[in-house]
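Colleague: Please take me through one part of this model closely: the cavity. Then add whatever else you can say about the cysteines and the aromatic rings.

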Amino acid sequence: MVFGSEIGYSKHEDDVEQTPTNGTINGNAITQISDTGHDGSKVNETEEEREKWGSWLDFILACTGYAVGLGNVWRFPYLCHEYGGGAFLIPYLIMLFCCGLPLFFMELSLGQFASQGALTIWSICPLFTGIGYGMIIVSALVAIYYNVIIAWTVYYGIKSFSFPNLPWISCNNTWNTEFCFDEVLNTTRASARENESAAVRATEEFWNYKVHGLSDKPTIGEIGGINWHLLGCLAASWIVVGVCISKGVKSSGKVVYFTAVFPYVVLIILFFRGVTLPGARDGILYYVRPDEFQYILDAKTWYHATTQIFYSLGVSFGVLLTFSSYNKFHNNCYRDAIIVSLINCGTSIFAGFVIFSILGFMAHESGRSVKDVVDKGPGLAFIAYPEALARMPGSQFWSFLFFFMLFTLGLDSEFATMEMLITAVVDKLPQHLKKWKPLVTFGACFLGFLGGILMVTKSGLFIFTLTDTYAAGFSLIVIALTYSLIISYIYGLERFRKDIEAMIGFMPGIYWKVMWGGIITRRLSRGHRLILPGVIQVLLPLIIIGSFVFYTPAHYNEYVFPPAAEVCGWTMTLASFLVIPGYSVYAVIFKANQPSYIERLKFLTKPTKEWGPLLDKHRREAGYHVLTSTKNPTTNGATQVDRDDAHYFAYSQDIAL
């Protein structure tokens, strides 16, 4: 199929003369484009340009900063040594190329082609606009609790300036119990020496009792008072986020030059410091040596490798759609997807060397094995690492450097998530209200701050854990599966590949077809054809099934959350998932006027006439009818306004296979 055949017009960008005017409308540049009409006459098109990245490097660093986050530093190393060391890398890399990279490229391509955010881009298939709302709900929940982690790093960074010793390595503090023990300063309490099984490390007591103010027998239902030190850090974190993204991608695109690059500087410094410490070799060998290949046959290994790839790359949050929507139409998103995906996974692997060299040193100093000094989740970043850093000469400097690195890792991911939410709201506003985007930005940050207050109360650590467990998991996988099916089978995989070709100059090859699905085999009997599913459509249902097979109720250490908390958790999950079929039902009833429901479904699964590239010059290149009003001068000096309102229907609906 030739996309330009319907209008018989295709003009390269270099053949169109562009002359910018001297003004702007609502902060967006207005471009006067001189072109030739269908009848050979000169016409002028006034088009509103969407905000763009300052440079290609801005976009790459923003995507890298979003993808490379806190999970690369502590979650990946934990999973790696928990499931066979180097053997874990085999399913990890397989899932990267079979699931993560194809979804990453699909989202970048979709957002760049239409120049729309996560909510308005579903004009490609209006029946499933609920996907955009699901992305917004997931991202909003994640943005709230993710900034709480950033607040923790702020607090630990401030406390790193304590002299002569770091506050979390001593048992001589008001928050310590009689079971406190510490091997750095040798300040073990008497009860800890008498009952070693009940002994608690000083770093753990600092985390539980000083940072979070937990009681002896805490429960999630006892909110208690507010931890004012964490509330102040949370407010500071949201102020930083609001200021940095106040001017959209023009401001956040510059900030990421620091927030995306600085963590690599710190990781490199910590790497060379770590490998020179006693015991570092044992930690690194534990990390890379594939001694237990039986883990490759364990379904849990594949499940965790898949979820790590999924969350690390950040697909299904809507952030990638938003970021790529600010790209120039002919940006090479194919190249960008490969670069960012490889940088992200390479960072995880490199961070493993950094972390395990430090843990090897900690094991050497304490006389334990590497496995025994590692805790999962927040415990690894805020219990084990602070203790390991406290054992180094110049511990205050290394501690501050480490937590400042975590702070910057969290910030650029938070920038990305908030930019997605703000863009989704602004894209839905009438044109004359878009100038209030800064107000929307600060309003969103204030609401995020209010939403995080519960997580800095006395039971806030439990509320945080519950949100972290249920906010983004099952829903993300369902969202990814849904939009991959829409693009491959409703919109049409061949049409989608043609759209990509219009942007980057070549069509994605057989690898992408196999991963995305919608491959049409040769004709069968009676003219029917068999459409094969892609690897994504096979893997993601298996992941969904696995999430139930390996499901365990949410818990923090030994405390298992009560059924009421589980109900709240699943409510968060269902809120971002059920909105997809819920909106579809609403659209069929209220958004279509066809007499039968079958005809309404057919109508709502076709792209709207607004679907396609933003600017008319790019619509012509991709074979889409132009929608911008054009003014043609007449003999009496008046102007005649014409508009091309032709539909460009879905390939899978109107073109015979």
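**The largest cavity and beyond**

Modeller: The largest cavity holds about 30 Å³ of space. Keep in mind that this is a predicted model. Searching the whole structure for cavities of 30 Å³ or more gives one.

Start with its lining. The residues are Thr64, Gly65, Val68, Thr259, Ala260, Pro263, Tyr264, Leu409 and Asp412. By type, five are nonpolar, three are polar and one is charged. Three elements each give two or more residues to this lining. They are helix H1 (56–67), helix H10 (262–275) and helix H16 (395–428).

Helix H16 spans residues 395–428, and an aromatic pair can be picked up at Phe397 and Trp398. The ring centres of Phe397 and Trp398 are 5.2 Å apart. Their planes stand at 70 degrees, and over 60 counts as edge-to-face, so this pair is edge-to-face. Trp398 is buried, because its relative accessibility is 12% and the cut-off is under 20%.

The whole structure has 59 aromatic pairs. Another of them joins Tyr583 and Tyr586, with ring centres 5.6 Å apart. Here the planes meet at 55 degrees, so the pair is tilted. Both tyrosines sit in helix H23 (residues 579–590). They are three residues apart, about one turn of the helix. Their exposure is as follows. Tyr583 is buried at 18% relative accessible area, whereas Tyr586 is partly exposed at 37%.

Now the cysteines. A disulfide is a covalent bond between the sulfur atoms of two cysteines. The search of the whole structure finds one. This disulfide links Cys171 and Cys180, with an S to S distance of 1.9 Å. The torsion about the S-S bond is about -80 degrees, so the disulfide is left-handed. Both ends are covered: Cys171 is buried at 0% relative accessibility, and Cys180 is buried with a relative accessible area of 0%.

Cys99 is in no disulfide. Its nearest cysteine sulfur belongs to Cys98 and lies 8.3 Å away. A disulfide needs two sulfurs within 2.5 Å, so that pair does not qualify. Cys99 is buried, with a relative accessible area of 1%. Cys125 is buried as well, with a relative accessible area of 1%.

Definitions and conventions:
Residues numbered from 1 in each chain as written. Predicted model: local features only at pLDDT ≥ 70, side-chain atom pairs only at ≥ 80, totals over all residues. Heavy atoms only, no water. Phe/Tyr/Trp six-rings, centres within 6.5 Å; stacked < 30°, edge-to-face > 60°. Buried < 20%, exposed > 50% of the residue type's maximum accessible area, 1.4 Å probe, protein only. Helix = DSSP H or I, 4+ residues; strand = E, 2+ residues; numbered from the N terminus. 1 Å grid on protein atoms, 1.4 Å probe; cavity = no way out; pocket = protein on both sides within 12 Å on 5 of 7 lines; lining within 4 Å. Points joined across faces, edges and corners; volume = space filled by probe spheres on them. Nonpolar A, V, L, I, M, F, W, Y, C, P; charged D, E, K, R; others polar.
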